[in-house]
Amino acid sequence: MTHAMLKGSNVPLEAAAVRAVLRWTPGSDVPEVDASALLLGVDRRVRSDEDFVFYNQPRHPSGLVRSLGKKRLTDGVTDSVQTDLAALEPAVDRVLIVASTDDVPFERVRDLRIEVYDAAAGGAEPLALFEVRPETGAETALICGELYRRGEGWKFRALGEGYSNGLIGLATDHGISVDETDDAEGADGAGETTASPAPPAVAPADATQPMQPGYGYPQQGSDAPAQGAPAPAYGFPQSASTQPAYGYPQPAAAAAFAPDPNFRLPPQGPQFVRAQ
């Protein structure tokens, strides 16, 4: 049985994995809609930029939240995100399901709705359905709903909360790092996210000083570092007592799937510009 939901209502989910499907009616004046997801902690913020699954980063490192891509059907267009709820680590408190456009207001998107399916049920009817109606029509990003923990289980809540500044506004509001600069000359690129400036050039080393060993390359005049010398750079032959270097097979006990807290999406326009 499908639960037809009102804004703010919720429904329990018994499925171990769910597929959230955004559906809308295409047309000559209707923009493309993209589905994305944010994995949030109890503070309603991401742990790192890796917790944002969208068109330029379509799969979470854990593989438990992933984009399934668009489908063009006879009755509309869909874009979907699948989430393996039962396997998500406890640090993930909720997953936001988001719809966005390329700076075109949602007042031009017809018949937008979100459907939540049991991912293991094949062609069964959706567990929940919510007709998403923007509040002002000027929104370019909408949180259509959220999957959230309640006790030992999960629920889905219908939301329909919007942002007029698109994915950038939504992402920064939930802890995603985005660098924005204004075009100093007021050209067409004003206000767009841009790449960080290149670091200053490093002055050449004094020719009278011995060169530092290059990583991974045997050094001249010696097959091993001198006694008391600093630990060799990564790629240099290591002794048996040395900890494995970068790129060396790591112990199986390494924290699998945990996002790198220092990971940052490139501070750039392409961060929110669809890859060609």
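Me: This is a predicted model. Is helix 1 mostly covered or mostly open?

Reply: Mostly covered. Helix 1 spans residues 166-173, and six of its eight residues are buried.

Me: Which residues of helix 1 are buried?

Reply: They are G166, L167, I168, G169, L170 and A171.

Me: What do the buried residues of helix 1 pack against?

Reply: Five strands. Strand 4 (34-40), strand 5 (52-53) and strand 8 (94-100) are among them. So are strand 11 (141-150) and strand 12 (153-163).

Me: Which residue with a positive phi follows helix 1?

Reply: G175 follows helix 1, with a phi near 95°.

Me: How are the strands of the open sheet ordered?

Reply: General idea: strands of a sheet pair through backbone hydrogen bonds, either parallel or antiparallel. Here, the open sheet has six strands in the order 2-12-11-8-4-5, and the pairing is antiparallel. Strand 2 and strand 5 are the edge strands, each pairing on one side only.

Me: How many bridges join strand 2 to strand 12?

Reply: Four, and the two strands run antiparallel. P12 of strand 2 stands opposite K155 in strand 12.

Me: And at the other edge, how many bridges join strand 4 to strand 5?

Reply: Two, again with the strands antiparallel. A37 has V53 in strand 5 as its bridge partner.

Me: Which side chains of strand 2 point to the buried face?

Reply: Side chains alternate along residues 10-13. V11 and L13 point to one face and are buried. N10 and P12 point to the other face and are not buried.

Me: Now the interior. Which residues have the most contacts inside the largest nonpolar core?

Reply: General idea: in soluble globular proteins, nonpolar side chains tend to be buried together. In this model, the largest nonpolar core has 38 residues. L22, W24, L88, V95, I114, L147 and F156 have the most contacts inside it. Strand 3 (residues 18-25) gives the most to this core, with four residues. A second, separate core has 17 residues, including L40, F52, A141 and Y163.

Me: Take L88. What is L88 in contact with, leaving aside neighbours within four places in sequence?

Reply: L88 contacts L39, L64, V65, T83, V95, R149 and W154.

Me: Last one, a loop residue. Why does G137 count as buried?

Reply: The cut-off is under 20% relative accessible area. G137 is at 5% relative accessibility, so it counts as buried. G137 lies in the loop between strand 10 (128-131) and strand 11.

Me: What does G137 touch, not counting residues up to four places away in sequence?

Reply: G137 touches P105, F106 and E107. The C-alpha atoms of G137 and P105 are separated by 6.1 Å, although these residues are 32 residues apart along the chain.

Conventions: Residues are numbered from 1 along each chain as its sequence is written. This is a predicted model: local features need pLDDT of at least 70, side-chain atom pairs count only at pLDDT 80 or more; totals for chains, interfaces and linings use all residues. Side-chain values use heavy atoms; hydrogens and water are left out. Buried means under 20% relative accessible area, exposed over 50%, partly exposed in between (1.4 Å probe, protein chains only). Contact means heavy atoms within 4.5 Å. Two strands pair if DSSP finds at least two bridges between them. A nonpolar core is a set of buried Ala, Val, Leu, Ile, Met, Phe, Trp, Tyr and Cys residues joined through side-chain atoms within 4.5 Å.
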